[in-house]
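Me: Could you take a close look at one part of this model for me? I'd like to hear about a single charged side chain and what surrounds it.

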Amino acid sequence: YQRSLRMAVTAGLFKNPISQIYLSKVVPHLNVCSVNPTPMGKIMNSAMKSMVHFFTMGSLANAAVLLMPAFLKNMDPNEGINNLVTKFEPSMKVGALFWPPIHFLNYHFSPLHYRQLVIDLSSFFFAIYLSYLCNKSI
């Protein structure tokens, strides 16, 4: 119960508001081909947006999910930092396989007002993996 509440607080206060700002204010300006793009230009725009999203928002979200619940568990900063140091790399490796295709499809096919919904639904499944990783002893 407490672990789920900590994860919900982390997502509600950190990830979702920042993700919404990122998707609505930053992403529209990330265009490689901005003037009358060809189909290949649209694909390049979607690919670039997905990679930028993975390396910026993905890194921040993984760090928050690994750091905050471990810190809030005992209010010990060393526990949160240790969890982040030991589990960040595995989370990013799995995330590199999971997120870029989802972001590419999201940016290429989803209208702007549905992008957050796609990210949130995908985040649900990735959170299952991160929860497993956070509770796995090394």
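Reply:

**A buried lysine and its surroundings**

Lys49 is buried yet makes no salt bridge: the nearest side chain of opposite charge is Asp120, and that one is 18 Å away. Bear in mind that this is a predicted model.

As for where the residue sits, Lys49 belongs to helix α2, which covers residues 39-74. If you skip the neighbours within four places in sequence, Lys49 touches Val27, Leu30, Asn31 and Tyr107.

Tyr107 is a handy link to the next bit, since Tyr107 of α3 is also among the residues that make the contact with α4. Helix α3 runs over residues 77-109 and helix α4 over residues 112-135; their axes come within 10 Å and cross at roughly 155°. An angle over 145 degrees counts as roughly antiparallel, so that is how α3 lies relative to α4. The crossing of the two, α3 and α4, is right-handed. On the α3 side the contact includes Phe98, Trp99, Ile102, His103 and Asn106, along with Tyr107. From α4, the partners include Ile119, Phe125, Phe126, Tyr129 and Leu130.

Zooming out, the protein has four helices and zero strands, giving the pattern α-α-α-α along the sequence. Of its 138 residues, 34% count as buried, and Lys49 is buried too. Looking at contacts between residues at least 6 apart in sequence, 71% join residues at least 24 apart.

Technical notes. Residues are numbered from 1 along each chain as its sequence is written. This is a predicted model: local features need pLDDT of at least 70, side-chain atom pairs count only at pLDDT 80 or more; totals for chains, interfaces and linings use all residues. Side-chain values use heavy atoms; hydrogens and water are left out. Buried means under 20% relative accessible area, exposed over 50%, partly exposed in between (1.4 Å probe, protein chains only). Lys and Arg count as positive and Asp and Glu as negative; His and the chain ends are not counted. A salt bridge is a side-chain nitrogen of Lys or Arg within 4 Å of a carboxyl oxygen of Asp or Glu. Contact means heavy atoms within 4.5 Å. Axes are lines fitted to C-alpha atoms, for helices over the stretch in contact, and angles run from 0 to 180 degrees between N-to-C directions. Angles under 35 degrees count as roughly parallel, over 145 as roughly antiparallel, 65 to 115 as roughly perpendicular and the rest as oblique. A crossing is left-handed if the near helix is turned anticlockwise from the far one by less than a right angle, and right-handed if clockwise.
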